[in-house]
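Dear colleague,

I am handing over the structure below, and I would be glad if you could look through it alongside my notes.

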Amino acid sequence: MDDTDRILDAVGPRLRALRQVRSVTLADLSADTGISVSTLSRLESGQRKPNLELLLPLARAYGVPLDELVGAPPTGDPRIHLKPVTHGGRTIVPLTRRPGGIQAYKQVLPGVTRPQVPDLRVHEGYEWLYVLDGRLRLVLGERDLVLTPGEVAEFDTRLPHWFGAAGPEPVEFLGLFGRQGERAHIRARSAGE
């Protein structure tokens, strides 16, 4: 007996148990699904092999995903587990893993007890920053700004820039970076639009 036969053989008892737990009769289930009572009975007893034409209406009637009816194996963990990188007290958590295009990341910068001397840099690209917690000092050319939670900055990285914590508490922010100058645009609409 192969895996497919084992999976199909287990459907009948699973259908019967689901129906009994919900206190549904074969006649009621037949009325909900359009499947005859005799076909439902043969499915539950294993005398009839299940197919999609039978399983889809049953999944709808029970309000469960199809894979729950057939006992499909789990498909794996959909979460992305990217490794944080710590360098010079800064922790960078990449949030995307595809090469090229816009890269997303979260950064956590340690707090500082005295003002830092910015080391301004330039490079190709475009950057978008959103402060989650703490205060972020952002130097853009001649401007020296402090961003607080909820504030956003967007700039061309060919402009000399630097960022760091603006005080003794750490700062956390999200960033989007596009090497080829891709821009992240946020558009807000009023409720009436």
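What follows is a short account of the confidence of the model, its largest pocket and one residue in the lining.

Please keep in mind that this is a predicted model. The protein averages a pLDDT of 85, and 85% of the residues score at least 70. Among its elements, the mean pLDDT is highest, at 96, for strand β5 (residues 136–140), and lowest, at 80, for helix α5 (residues 66–70). Over residues 185–193 the pLDDT is below 50, and this stretch has 2 contacts in the model beyond near neighbours in sequence. Where pLDDT is low, the predicted coordinates should not be read in detail.

Turning to the largest pocket, its volume comes to about 570 Å³, and 19 residues line it, with R90, I92, Q107, H123 and F163 lying nearest its centre. The elements that each give two or more residues to this lining are β2 (90–94), β3 (102–109) and β8 (161–165), and the largest share, 4 residues, comes from β3. Sorted by class, the lining holds 8 nonpolar, 7 polar and 4 charged residues.

Of the residues nearest the centre of the pocket, Q107 may be a useful one to inspect, and it is placed in strand β3. Is Q107 buried or exposed? Its relative accessibility is 6%, and because buried means under 20%, Q107 counts as buried. Leaving aside neighbours within four places in sequence, Q107 is in contact with R90, T91, I92, F163, V171, E172 and F173.

With best regards

Conventions
Residues numbered from 1 in each chain as written. Predicted model: local features only at pLDDT ≥ 70, side-chain atom pairs only at ≥ 80, totals over all residues. Heavy atoms only, no water. 1 Å grid on protein atoms, 1.4 Å probe; cavity = no way out; pocket = protein on both sides within 12 Å on 5 of 7 lines; lining within 4 Å. Points joined across faces, edges and corners; volume = space filled by probe spheres on them. Nonpolar A, V, L, I, M, F, W, Y, C, P; charged D, E, K, R; others polar. Buried < 20%, exposed > 50% of the residue type's maximum accessible area, 1.4 Å probe, protein only. Contact = heavy atoms within 4.5 Å. pLDDT = per-residue confidence, 0-100.
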